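Here are some exercises to work through with the model open beside you. Try each task yourself, then read the solution step by step.

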Amino acid sequence: MSQIIREVLRLRGPLSTFIPRVSPGKSIAGVYVPAGVIVGCQAYTTARDENVFPDPLEFNPDRWENPTEQMQAMDRPFSSGPRVCIGMHVSRVEMLLTACAFYQTFDVELAAGFRHEGMELDDQGFMMAKGESLLVNLTPIN
Amino acid sequence: MLLDITSQLSFSKSFDLLEGSKNPLADDIHTFYGIATLFDFVPWTQYIPFGRPKDAATARRRLTKNLYSLVYDEREKLKAGTASPSFLRSMVEARDKETGTALSTEDLVENAGVFIEAESGTTASSLVYLIYELARRPEMQKRIVEEIRQAFPDPSIFPTYEKANKLVRLVPSTPLTDTNG
C-alpha cells in the first residue's frame, strides 16, 4: 500500500510546483545566478525524469520496491530539507488508514461510462482533478 | 468540510462551512490561492488592475487582515488563560531553544496562511486519485484488497497503522496495463 501511495503522490501529487527562493548570488550547478533572482525546482519535473524513473508517466507502484537513492531524492511530494511539509506524517498516516478502511469495507468499481477527462490534473493553485467528482459504485461486503 | 476540521485543529475554531456559514476567510482563500502560484512565478501579475488578479490581490489583503486578527485573538486568549490547544497556540508559545526568541507576528500570520492553504484538500485529492488509479486497474485493486482484508478481516475493527504500514510489498509484480487505453 505504501508503494501505491508513493506512486499516486509521484504522478498525482497536489503540490508539484516549486517554492520560490531568492538567490543570494551564487552558482547553481555551474551557472551563476545573480542576487535577487527568484529560483525554484519543481517537484512535477523531477518526479518525471526518465533517467531516474524509466517510463515516467506509467503508474507502476512496483518501481518503489527497491527505490534508488536518486529516486528518493527526486520524488518530493512534500518538498524536502528543513522546510519539508510539516503535515507530511499526518498526511501519510491519514492516506494509509483511510485507504485500508475503505477497501476493508467496500468493493469498489468505476461507474459505467465514467469520463476519464475529468481526472486530468488542473492547476487550481493546487494540482487537482479538473472534474468535480469521481464516480464509483460501492458495495459493502457482508 | 476539510477546512472545518483543519481550522478546528489549527485555530481551535471551526469555519463552520458545513453548517452553511458564509465564511469570508474561506472564500478569500479560494480566490487567492487559485492564482497564488502565478503571483509566485511572475510577480508583476499581482499588480494587474482587473479580472482575476485584481480579485485575488483584494482577497489577499482581506485574508492578511483576518489572519492578523486570528493571531491577535490567540495572544489575547493566552493572556486571559482561555486558549485551547491548537497548532496556532503552539506556534505563539514556541521559543527558540538557543536564543529564547518567539516567532514574530509576521511569521505567525504567514504560517497561519500556509496552514489554511496546505490543509484545503491536499490529502483528500490524493486519496481520490488513489481510489481512481486502483479502480481503473481491477487486477491491481483485487490483489491489494485481498491483502487488506486478510490483514483486517473484521470490517467493524478499524485498521491499525502498525499493521497497515507492513502492507508494503503487497502489490502485483506482473507488468501493469493501463486500462484507460
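Helices (H or I, at least four residues) and strands (E, at least two) are DSSP runs, numbered from the N terminus. This is a predicted model, where local features need pLDDT of at least 70, side-chain atom pairs count only at pLDDT 80 or more, and totals for chains, interfaces and linings use all residues. Residues are numbered from 1 along each chain as its sequence is written, chains are lettered from A and ligands numbered from 1 in the order in which they are written, and side-chain values use heavy atoms, with hydrogens and water left out.

**Exercise 1. Describe chain B as a whole.**

Step 1: count the elements. Chain B has eight helices and zero strands, so to write its order from the N terminus, you put α-α-α-α-α-α-α-α.

Step 2: look at the cover. Buried means under 20% relative accessible area, exposed over 50%, and partly exposed in between (1.4 Å probe, protein chains only). On that scale, 39% of the 181 residues of chain B are buried.

Step 3: look at the outside. Accessible areas come from the Shrake-Rupley method with a 1.4 Å probe, and for residues only the protein chains shown count as cover. Chain B exposes about 10,500 Å², with 57% of it supplied by carbon and sulfur atoms.

Step 4: check the contacts, meaning heavy atoms within 4.5 Å. Take the contacts in chain B with a separation of 6 or more: 52% of them come from residues 24 or more positions apart.

**Exercise 2. Place B:A56 and B:K13 in chain B.**

Step 1: find B:A56. You'll see it in helix 3 (residues 51-80) of chain B, and B:A56 is buried, at a relative accessible area of 0%.

Step 2: list what touches B:A56. Skipping residues up to four places away in sequence, you get B:T31, B:F32, B:I35 and B:F39.

Step 3: turn to B:K13. That residue sits in the loop between helix 1 (2-11) and helix 2 (24-41) of chain B, and B:K13 is partly exposed at 40% relative accessibility.

Step 4: list the partners of B:K13. Beyond its neighbours within four places in sequence, B:K13 contacts B:S7, B:Q8, B:L70 and B:D73. B:K13 and B:L70 are 57 residues apart along the chain, with their C-alpha atoms separated by 9.9 Å.

**Exercise 3. How many residues from chain A and from chain B does the contact take?**

Step 1: count. Chain A gives 55 residues and chain B gives 52 residues.

Step 2: get the area. The size of an interface is often given as the accessible area lost when the parts come together. Buried area here is the accessible area (1.4 Å probe) that two parts lose on being put together, summed over both. Between chain A and chain B that comes to about 4,700 Å², and carbon and sulfur atoms give 67% of it.

Step 3: find the residues of chain A that lose the most area to chain B. They are A:F59, A:Y103 and A:Q104, together 15% of what that side buries.

**Exercise 4. Describe how two helices of chain A pack on chain B.**

Step 1: set up the geometry. Axes are lines fitted to C-alpha atoms, for helices over the stretch in contact, and angles run from 0 to 180 degrees between N-to-C directions. Angles under 35 degrees count as roughly parallel, over 145 as roughly antiparallel, 65 to 115 as roughly perpendicular and the rest as oblique.

Step 2: take helix 4 (residues 88-105) of chain A and helix 7 (residues 138-151) of chain B. Their axes are 9 Å apart and the angle is about 95°, which means helix 4 of chain A is roughly perpendicular to helix 7 of chain B. Helix 4 of chain A brings A:A99, A:C100, A:Y103 and A:Q104, and helix 7 of chain B brings B:Q141, B:V145, B:I148 and B:R149.

Step 3: sort them by class. Ala, Val, Leu, Ile, Met, Phe, Trp, Tyr, Cys and Pro count as nonpolar, Asp, Glu, Lys and Arg as charged, and the others, Gly among them, as polar. This contact of helix 4 of chain A with helix 7 of chain B has five nonpolar, two polar and one charged.

Step 4: move to helix 1 (residues 2-12) of chain A, where ten of the eleven residues are buried. The axes of helix 1 of chain A and helix 6 (residues 122-135) of chain B come within 10 Å and cross at roughly 110°, so these helices are roughly perpendicular too.
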